[in-house]
Structure formats: C-alpha cells, structure tokens
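Colleague: I'm new to reading protein models. Could you walk me through a few features, one at a time?

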Amino acid sequence: MTGSWMANRRMSRPPVSYRDSGVDIDAGNALVKAIKPLAAATRRAGAEADLGGFGGLFDLKLAGFKDPILVAANDGVGTKLKVAIESRQHDTVGIDLVAMSVNDLLAQGAEPLFFLDYFACGKLDVEVARAVVAGIAEGCRQAGCALIGGETAEMPGMYAGDDYDLAGFAVGAVERGALLPRGDTAVGDVLIGLPSSGVHSNGYSLVRRLAADAGLGWDAPAPFVAARTLAEALLEPTRIYVKPVLSAIRETGAVKALAHITGGGLSENVPRVLPDGVAAHIDLGAWQAPAVFGWLMQAGALDEAEMLRTFNCGIGMVIVAVRDGADAVLRALQAAGEAPIRIGELEAGRGVKSPAKGRGEAEAVRYSGRLTFV
C-alpha cells in the first residue's frame, strides 16, 4: 500500500530538486574551486593542508612554538556590510573581517596562525562571494595567518535579495611567558596610539543613519574627502596592526598591554587592560582625527563624550609601554612603517569607574585637550 502511494505521488507531480528550493550545490562547488588559489596564497609554516577537507589542520611545532598558549577570537563586520552590499563594492569587507579578529588576538600578544570564514546568503552569487573571499585572503596575508577553511551557507528565506552576512574565526598562539597584558602594568607607563584608517568596523548603524538623514546616497561625493564617493570613503578597510606591533614587542620587550579600539571607543576599551587602581590619562590634542569623524560629529550633533565611546576617533590600537622603553617602542614601530603617537600615560585611579567590556568595572579614562580633525 505504501509503495503504491509513493509511486502514484511521483507520477502526479514533477520532482522538486534542491536547486528548485533555492540552493545551488554546483554554485557552491564553483566557489570552492574559485577560492582555492586565494587560500593557497596565504599558506605559512604550520598550515600545509589543501582547502576542502572536513577540517583545517595546523601544526604548532612547525610554526616554531615551544610552550604555546592558544588564543581564539571571532567577530563580524556589522552593518558596514550594508554599505558594501548597497553600493556593490565587495572587495574590502573581507579585510575588515580578518582585522576585527586578528587585532583582538594581537591585544593578548598572540601571533595569528590561521583563520576560518563563514559566508551566509539567500542566493549564492559566485562572483560576489569570490570578491569577499579575495578580501579575506588579503587580510590574512597582511596578518601573516593562513586561511585554512570556511563555510558557505546558502539559505533561501533567511536573507533578502542580495544580502549576505560574514563571520570570522581566528586562532593565534603566544609563548606562555609573553601573554598580554603583563601583570606589572603601573602608574607612569606610557600610552602610544597607532592611527586608524577611519571608522574601521564599528558604529555603522549610526553612520548609515546620519548619511540617510543628510540625504546622501552611496554614490554621492563624500563630504569629508575629495575625489571619492561616500561608499568608497566609508569602506576604507580596518587597519591590521599585527606585523609592526609583534615586531615592536619582540624587539624591545617594553610592551606591557595592548587595547584594540573597537565598539566602545577609547573610553571602554583602554580600561579593559588596566589593573585595579590605575587609570588612563589621554591627551586628545596629541593627534588629529581623520576628517570623517568631524563630519560625523557635526552631522549627528554629537558631543565629544559620545564620539569617544562610539568611534575610534583616529586611534585604532593603544600600546602601554614601560616609560624607560617607550622611545624604543616608538622607533621600532616607525621602522616597521607605522606612525605611532605618544598620547598619554597611566596615572593613579581616582575612584571613577567605567563599565569596560569583558571585565566588569575598571578605572575610567581621563581626557585632556579637545578632539581636532584633519
């Protein structure tokens, strides 16, 4: 009876394939083939396996580690993706994806070893996905880590139109005695800032709102920089600080802590690496922020406090260095192509608390001077 019912059902309607439901396995296979050379270009010592297995492999011994601690991080790009999707400019958001995780690994003194990506969409466009993954491979190259695998998920009904989402997963390692922040961070240590390239990958829900309120399309001229559209300017990729900072750490031995300035800005990220009883004094007059921040401040009628807890305001990474070694750290960073800025120092806490992310309450940041813009 059951067999006859199944036969009649097959005869009464045409078959419905996985492709008919909106998932194209052939497109997925075409993407894997297209990105294999991109992944191969990111190989490094310890990562020799081909893309396409059930899992990525990494050999810590071949990478030169003796007594390592593994450090893992994952992140996304946030609504910066909407700017890329709506402007059809997909080639840099992959760099952002890598940067958000590897800069977090760096903040603990870790060398990024390998990276995996997750690309999810409603309908797979192989060319768009390849452009995104090309950016991911470029980010991995800048960070010195291997792209050893990932996942492409085609999910009709979950994403509308051309929308897609990204997530990234990075693993790094640091020798046991070199983990940051160090336990001897103290009053008098020097704060060194590394310039950002712009907004990086945080605050884009506000950025998009302000652009809409101003009636600006993504193809409009950027009001804060010449000869670029608004989309081109806002899609400037997040800087990856791994190679110059690791070089400075290893050459000088004078770096005590690092803070990656992401969501929460300077106000909430610097306190995450400070011990109890120690606060950060930052001189806002020590640098000029990129012009995009002046436009955002004016367009949103934002006060300085809101700017400093929403955006990086021109500083993407803060280094805490021992006072006697600060000049050596500055020289090492300059030799590696960075433009470091001495932006303040650590002082005794005044009992003012800040709800810094990830560690409960910590001493607050005290600012002097005013934000200025290029």
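Modeller: Sure, and keep in mind that this is a predicted model. Let's begin with a backbone angle: just after helix 8, Gly253 has a positive phi of about 65°.

Colleague: And which residues of helix 8 are buried?

Modeller: Here's the general idea: an α-helix has 3.6 residues a turn, so residues three or four places apart point the same way. In helix 8, which covers residues 242–252, the buried ones are Val242, Pro244, Val245, Leu246, Ala248 and Ile249.

Colleague: Let's try a single residue. Where does Ser101 sit, and what does Ser101 touch?

Modeller: Ser101 belongs to helix 4. Its relative accessible area is 0%, so Ser101 is buried. Leaving out residues up to four places away in sequence, Ser101 touches Ala73, Asn74, Asp75, Phe115, Gly168 and Ala170.

Colleague: Now cysteines. How many disulfides does the structure hold?

Modeller: A disulfide is a covalent bond between the sulfur atoms of two cysteines. This structure holds 0 of them.

Colleague: Why is Cys140 not bonded to Cys145?

Modeller: Look at the distance. The closest cysteine sulfur to that of Cys140 is in Cys145, 3.8 Å away, and that is too far for a bond. The cut-off here is 2.5 Å between the sulfur atoms. Both ends are hidden, by the way: Cys140 counts as buried because its relative accessibility is 0%, and Cys145 is buried with a relative accessible area of 1%.

Colleague: Next, aromatic rings. How many aromatic pairs are there, and how do I describe one?

Modeller: A pair of aromatic rings is described by the distance of the centres and the angle of the planes. This structure has 4 aromatic pairs. Take Phe119 and Tyr164: their ring centres are 5.1 Å apart and their planes are at 20°, so this pair is stacked. Phe119 is in strand 2 (residues 111–121) and Tyr164 in strand 4 (residues 164–175), so the pair ties together parts that are 45 residues apart in sequence. Phe119 and Tyr164 are both buried.

Colleague: What about Phe293 and Phe311: are they stacked or tilted?

Modeller: With ring centres 6.1 Å apart and planes at 55°, the pair of Phe293 and Phe311 is tilted. These two also link distant parts of the chain, 18 residues apart: Phe293 is in helix 10 (residues 291–299), while Phe311 is in the loop between helix 11 (304–310) and strand 9 (315–321). Phe293 is buried, at 0% relative accessibility, and Phe311 is buried too, at 1%.

Colleague: Which residues touch the most other members of the largest nonpolar core?

Modeller: That core has 107 residues, and the ones touching the most other members are Tyr164, Leu258, Val270 and Trp287. Setting aside neighbours within four places in sequence, Trp287 contacts Leu266, Ile282, Cys313, Gly314, Ile315, Ile341, Ile343, Leu371 and Thr372. Another core, of 10 residues, lies apart from the largest one; Ala63, Ala146, Ile148 and Val171 are among its members.

Colleague: Last one: pockets. What lines the second largest pocket?

Modeller: Rolling a probe the size of a water molecule over the atoms shows where empty space is left. In the second largest pocket, that space comes to about 370 Å³. Its lining is made of 21 residues, with Asp104, Ala107, Gln108, Asn269 and Arg272 nearest the centre. Strand 1 (68–75), helix 4 (93–106) and strand 6 (255–260) are the elements that each give two or more residues to this lining.

Technical notes:
Residues numbered from 1 in each chain as written. Predicted model: local features only at pLDDT ≥ 70, side-chain atom pairs only at ≥ 80, totals over all residues. Heavy atoms only, no water. Buried < 20%, exposed > 50% of the residue type's maximum accessible area, 1.4 Å probe, protein only. Core = buried A, V, L, I, M, F, W, Y, C linked by side-chain atoms within 4.5 Å. Contact = heavy atoms within 4.5 Å. Phe/Tyr/Trp six-rings, centres within 6.5 Å; stacked < 30°, edge-to-face > 60°. Helix = DSSP H or I, 4+ residues; strand = E, 2+ residues; numbered from the N terminus. 1 Å grid on protein atoms, 1.4 Å probe; cavity = no way out; pocket = protein on both sides within 12 Å on 5 of 7 lines; lining within 4 Å. Points joined across faces, edges and corners; volume = space filled by probe spheres on them.
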